[in-house]
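This briefing covers empty space in the protein and the residues around it. Please look at the structure below before reading on.

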Amino acid sequence: MKQAGLAVLKKYWGHTTFRDLQWDIIAAVLNGNDTLALLPTGGGKSICYQVPAMLLEGLCLVVSPLVALMKDQVEKLNQIGISAAAIYAGMPQKEIKIILGNSIQGQIKFLYVSPERIQTELFQVSLREMPLSLVAVDEAHCISQWGFDFRPEYQKINSIRVVFPDVPIIALTATATHKVIDDIEKQLEFKNTQRFTASFSRPNLSYIVRQTSHKENQIFQIANGVKGAGLVYVRSRKRAEILSDILINAGYAASCYHAGLSHDIRNERQSKWIAGHTQIMVCTSAFGMGIDKPNCRFVIHEEWPDSLEAYYQEAGRAGRDGQPSFCILLVDASDTLQLDERLNLQFPEETFVKKVYDALCSQYQLQIGQSMSEPVAFDIELLNQKLKTREANLRPALQVLQQLGLIHLSDAFFEPSRCFFTADHQEIELLSNDSYKQLLGLLLRTYGGLYDYPTIISEQFLARKLNKSEALLRKDLLSLHDLKLLNYKPQNQVARLTFTTTRIQSNYIQFSNANYKERKSLYKAKLSQMLNYACSNSTCRSQLILAYFEEKNASTCGTCDVCRNNKSTLIDKEQIWRDMIRTKTAVSKVSINELMSMIASHEQNQFKDFLRMMLDQNQIKVMPDGSIQML
Ligand code: ADP
């Protein structure tokens, strides 16, 4: 069997050997086991399902969370002569039907779909007729609410089991704690389970934490000091735009990447970075999944991510080629104060979520016990005004309501309109057209940052304030865009809200259904563990990360800032001891015991080792009378 596997590996991918664990995983799948493969980023997970699929008759269905990931894999497979296709949102229905038809007829080997797709009726009907031989669930940690990237849609994947109870499933992930792994296997209803986990150790990575009050200076220093390309992770799209401008103005070949940019721009920037034309990519967590750049030499985090899993995943994009690389986390005094703020943003207080639900229902005049089956146009700005809160607070609360199954928000909600000024203050002052003047004035009064970065705006709100129709307002914004005074990226569809249940009394909202409290306290624990990593300066960073993934007894890495610090203090100490021995032995006879008595008790073991080393290296000698002589 292995020979056949190697032949496929060689024929299509051109590799001559399997990496550690790859063959074991493939063999388990070929033997019909449900298999969990936990390999670090760059470990070669795709081969683990693609090779067995090639050896099995029939179709391999791959569930993947991101369109970009699917497209990337389909392209790679097509390039090596394997028929693969993906179905994703926005694709014309006709095209979807053709792909489904081809999958049924056996003309496609790999079919990539998002988890939401599996639920659609068309897919469910087609699925029954597919010659399915294997299901691969990529980024499988998304299935678990105990993981750092929980996606509720993932929990529906097991509906495939109903149709194909005996087709094996392989779940792949680069990051998961034991709790998450158990959950993945449970949710996917694993039988005859085989579990393979590789070590999380990345010996070529130096993990470093820098305490600093000048993060930007540190970024400059690192970019100057480390040869090669790097990533700087920041926490907001806004910050990504600002920091990349700062770097560009300072003469660096920098760019930025976040989910607010169009698909084409993202692709272009990503390719330039991969090709080495851009040295520094300033990005949000939207960047990275599935991006294979072997020679990324450093990954800087300007702020600490929400969990060590997320940190490990993002930092791990450095050094995929095995060459020495740096993962640097920048920390300043205010960072430690953010814990509660972050917690409340992600998991708003239950009372606030209830308040948002009530406000939402009354905005659409939905009475208790009433239902509304049709989706309605939704304007977050109106709700903001009503609740006198900020959008940054409201969005998480709405997401909680969606997770609780009370509402559904259309994709457009997550891609609102944005604009920013391309002209400077003076040009805008000089505008003579009154209508534009009013609009620009209102924009400036309502939104901060329009001169700096793409800012979310609400046309509905602006139109109401200016007492004109939304259509006219959009026209004005487009004219200003054509005049190159501002850059306007309209939302391509109106955001829609559906009430998925009849209105209930907010007191009866069942947070327990979504394990809200438990998830909140877990999230808090993860924040604290990450903060502990950022603040500790006594334990090897690599050991801390490995302990988080429950790899016990890992040895110290020798290359993180803590290890380096320990080494240099030991070297300093050795110098002091050497000088002491030299002085003492020069003036009188001293024995080992006398020397020992001069050393603090907590350092005596280290000192003993040091003396042993000096003896071994003939730097000192013990004379017949027991005294020490320096050679
Ligand atoms: P992951 O999904 O685990 O991050 P990939 O599947 O993208 O990793 O593989 C990472 C890189 O390793 C790819 O460039 C791939 O071609 C290479 N690779 C995988 N398996 C092997 C192998 N057996 N021999 C040589 N290269 C391999």
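**Cavity and second largest pocket**

The structure holds one cavity of 30 Å³ or more; a cavity is a set of points on a 1 Å grid over the protein atoms alone where a 1.4 Å probe fits but cannot get out. This is a predicted model: local features need pLDDT of at least 70, side-chain atom pairs count only at pLDDT 80 or more, and totals for chains, interfaces and linings use all residues. Residues are numbered from 1 along each chain as its sequence is written, and side-chain values use heavy atoms, with hydrogens and water left out.

**Largest cavity**

- The volume of the largest cavity, the space filled by probe spheres set on grid points joined across faces, edges and corners, is about 30 Å³.
- Its lining (residues with an atom within 4 Å of a point) consists of Leu231, Trp273, Ile291, Lys293, Arg317 and Arg320.
- Three of these lining residues are nonpolar, none polar and three charged (Ala, Val, Leu, Ile, Met, Phe, Trp, Tyr, Cys and Pro count as nonpolar, Asp, Glu, Lys and Arg as charged, and the others, Gly among them, as polar).

**Second largest pocket**

- The second largest pocket (a pocket is an open set with protein on both sides within 12 Å along at least five of seven lines) has about 390 Å³ of space.
- Its lining has 20 residues, with Glu241, Leu261, Arg269, Phe420 and Pro454 nearest the centre.
- Nine lining residues of this pocket are nonpolar, five polar and six charged.
- Helix 11 (237–249) gives the largest share of this lining, four residues; helices are DSSP runs (H or I, at least four residues), numbered from the N terminus.

Terms used
Helices (H or I, at least four residues) and strands (E, at least two) are DSSP runs, numbered from the N terminus.
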